[in-house]
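Colleague: Before I plan anything at the bench, I would like to go through this model with you, one question at a time.

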Amino acid sequence: MKASCFRVVFLLPFFLRLGPVAAGSHGYCGPVPATDAELIHVAMNLEFLEAEFFLYGALGRGLDGIAPHLALGGPPPAGGERANLDPLVRRIIEEFGYEEVGHLRAIYTTVGGIQRPLIDISAHKFAMMVDEALGHRLWPPFDPYLDTVNYLLASYLIPYVGLTGYVGVIPNLSNFTTKALVAGLLGVESGQDAVIRTLLYERALEKVAPYDITVAEFTNLFSILRNKLGMCGIKDEGIVVPPVLGAEQRTETNVLSANKMSLSYPRTPQEVLRVVYGTGDEHVPGGFFPNGANGEIARRFLEKKG
C-alpha cells in the first residue's frame with residue numbers, strides 16, 4: 001500500500017472532522033471517587049459485552065452456554081448471531097470469547113461480581129452506530145454478522161474502549177491485588193485490539209461491499225465518533241492517521257493507537273460510559289446498554305439523570 005494513497009484517501013477527511021473534537025470538551029474528564037472494586041466493575045460491564053459479542057460471533061451462543069453463573073441472574077443479551085466468518089478469524093474470535101469468560105471469572109473472584117446488564121448486540125444496534133459515525137444512513141444497513149470484514153469492523157468498536165478504561169483506572173487503584181488484576185486484564189485486552197487492528201490494516205484499502213467506503217475510512221470515522229462521544233479530546237485513532245498523530249510523527253500507519261509518546265490513551269469511567277451508551281452522556285443509557293450499565297458508579301450516574 002502506498003503512502004500517497006493513504007494521504008489522498010484518508011487523511012483529508014480525518015483533518016476535516018478532527019478539529020471540533022480536539023478543540024475542547026463539554027464533560028467532566030477527571031477521576032471519580034470510588035473504591036477499587038467499584039472502578040473495576042465499570043470495566044466488568046464491557047467484559048460482559050465483549051464476551052457475548054465474541055462468543056455469539058464465533059459459536060452462535062453466549063455466556064449462558066459457557067459459564068452462566070457469572071451472569072449472576074442478569075438478562076440474556078439481545079440480538080446476538082453467529083457471524084459468517086472465515087475459518088482463521090472464527091478461531092481467533094472464539095479464543096477471544098473464552099478469554100473474556102476468564103476475565104469475568106478473574107474479576108468475580110478478586111473483587112466480586114455485578115449482575116450482567118441488558119446488552120444489545122443486534123445488527124440493528126450496530127447499524128445505528130455506524131450510521132451515526134458516517135453522518136448518514138447506509139443502505140443496505142450495516143450488518144456486523146454478514147461477513148468477516150463487517151465483523152472485524154464491528155469488533156473495532158468494542159475492545160479498545162475497555163483497553164483505554166483500564167489504562168485510565170490503574171493510577172486510581174490503591175490495592176496491590178487489584179492493580180495486578182487490572183494489569184493482567186489490560187495486557188490481554190491490548191492484544192485483542194492489536195489483532196483486530198492488524199487484520200483490518202491488511203484490508204485498509206479494500207472497499208467494504210456494497211459501500212463505496214474503505215476499511216480505513218470506516219475506522220477513522222468510528223474513532224472520530226468515539227472521541228466526540230467521550231468529550232475529552234483525542235483518545236481514539238483509526239488504522240491510518242495524519243503523520244502528526246503517527247509514531248514519532250514519522251508514519252501514517254497506526255496499527256496501535258497511542259499518543260505522541262506512543263503510550264496508550266486513558267479514559268475515565270464517565271468517558272467509557274459516554275462512548276458505549278452512544279449518547280455522549282454518562283447519565284443517559286443507550287447503545288449497547290439500553291438500560292444502562294451495572295455497578296455503583298454506573299448506577300450513581302443514572303440516578304442523576306436529568
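What follows is a conversation about a predicted model.

Colleague: How many helices and how many strands does the secondary structure of the protein come to?

Modeller: Read along the sequence, the pattern is α-α-α-α-α-α-α-α-α-α. The secondary structure therefore consists of helices without strands, and the count comes to 10 helices and zero strands.

Colleague: What is the radius of gyration of the protein, and what does the globule rule give for 306 residues?

Modeller: Along its principal axes the C-alpha trace spans about 50 × 40 × 35 Å, and buried residues make up 57% of the 306 residues. The protein is as compact as a globular protein of that length, because the globule rule gives 19 Å and the radius of gyration is close to that, at 18 Å.

Colleague: Among contacts between residues at least 6 apart in sequence, what percentage join residues at least 24 apart?

Modeller: One case of contact across the sequence is Glu 38, which lies in helix α2 and touches Glu 296, Ile 297 and Arg 300. Taken over the protein, among contacts between residues at least 6 apart, the share that joins residues at least 24 apart is 73%.

Colleague: Which two cysteines form a disulfide, and which parts of the chain does the pair tie together?

Modeller: The count comes to one disulfide, and its sulfur atoms, those of Cys 29 and Cys 232, are 2.0 Å apart. The angle about the S-S bond is -95 degrees, and the link is left-handed. Cys 29 lies in the loop between α1 (3–23) and α2 (36–59), and Cys 232 in the loop between α8 (215–230) and α9 (269–277), so the parts tied together are 203 residues apart in sequence.

Colleague: Is Cys 232 buried or exposed?

Modeller: Its partner, Cys 29, has 32% relative accessibility and counts as partly exposed. Cys 232 has 13% relative accessibility, and because the cut-off is under 20%, Cys 232 counts as buried.

Colleague: How far does helix α7 reach from its first C-alpha to its last?

Modeller: Helix α7 covers residues 176–201, which are 26 residues, and at 1.5 Å a residue 38 Å is expected. At its start, a side-chain oxygen of Asn 175 reaches to within 2.7 Å of the backbone nitrogen of Thr 177. The reach of α7 is close to the expected value, at 37 Å.

Colleague: With which side chain does Gln 192 share a polar contact of 2.9 Å?

Modeller: Gln 192 has its place in helix α7, and at 0% relative accessibility it counts as buried. Leaving aside neighbours within four places in sequence, Gln 192 is in contact with residues including Glu 50, Phe 54, Phe 96 and Pro 159. The side chain joined to that of Gln 192 by the polar contact of 2.9 Å is that of Glu 100.

Colleague: How many of the residues of α9 are buried, and which helices do they pack against?

Modeller: Helix α9 is mostly covered, with nine of its nine residues buried, among them Pro 269, Glu 271, Arg 274 and Tyr 277. The helix is followed by Gly 278, whose phi is positive, near 75 degrees. The helices that the buried residues of α9 pack against are α2, α4 (123–134), α6 (159–169), α8 and α10 (296–303).

Colleague: Which residues does Ile 170 touch, not counting residues up to four places away in sequence?

Modeller: Ile 170 is found in the loop between α6 and α7, and at 27% relative accessibility it counts as partly exposed. Not counting residues up to four places away in sequence, the residues that Ile 170 touches are Val 182 and Leu 186.

Colleague: Where are the cis peptide bonds that precede Pro 140 and Pro 210?

Modeller: Most peptide bonds are trans. Pro 140 is found in the loop between α4 and α5 (148–156), while Pro 210 lies in the loop between α7 and α8. With omega about 0 degrees, one cis bond joins Trp 139 and Pro 140; with omega about -5 degrees, another joins Ala 209 and Pro 210.

Colleague: What is the phi of Glu 248?

Modeller: Glu 248 lies in the loop between α8 and α9, where it is exposed, with a relative accessible area of 57%. Its phi is a positive value in a residue other than glycine, near 55 degrees.

Key:
Residues are numbered from 1 along each chain as its sequence is written. This is a predicted model: local features need pLDDT of at least 70, side-chain atom pairs count only at pLDDT 80 or more; totals for chains, interfaces and linings use all residues. Side-chain values use heavy atoms; hydrogens and water are left out. Helices (H or I, at least four residues) and strands (E, at least two) are DSSP runs, numbered from the N terminus. The expected span of a helix is 1.5 Å times one less than its number of residues. A polar contact is a pair of N or O atoms within 3.5 Å; within protein, one must be able to donate a hydrogen and the other to accept it, and residues adjacent in sequence count only if both atoms are side-chain atoms. Buried means under 20% relative accessible area, exposed over 50%, partly exposed in between (1.4 Å probe, protein chains only). Contact means heavy atoms within 4.5 Å. A disulfide is a pair of cysteine sulfur atoms within 2.5 Å. The radius of gyration is taken over C-alpha atoms; the globule rule is 2.2 Å times the number of residues to the power 0.38.
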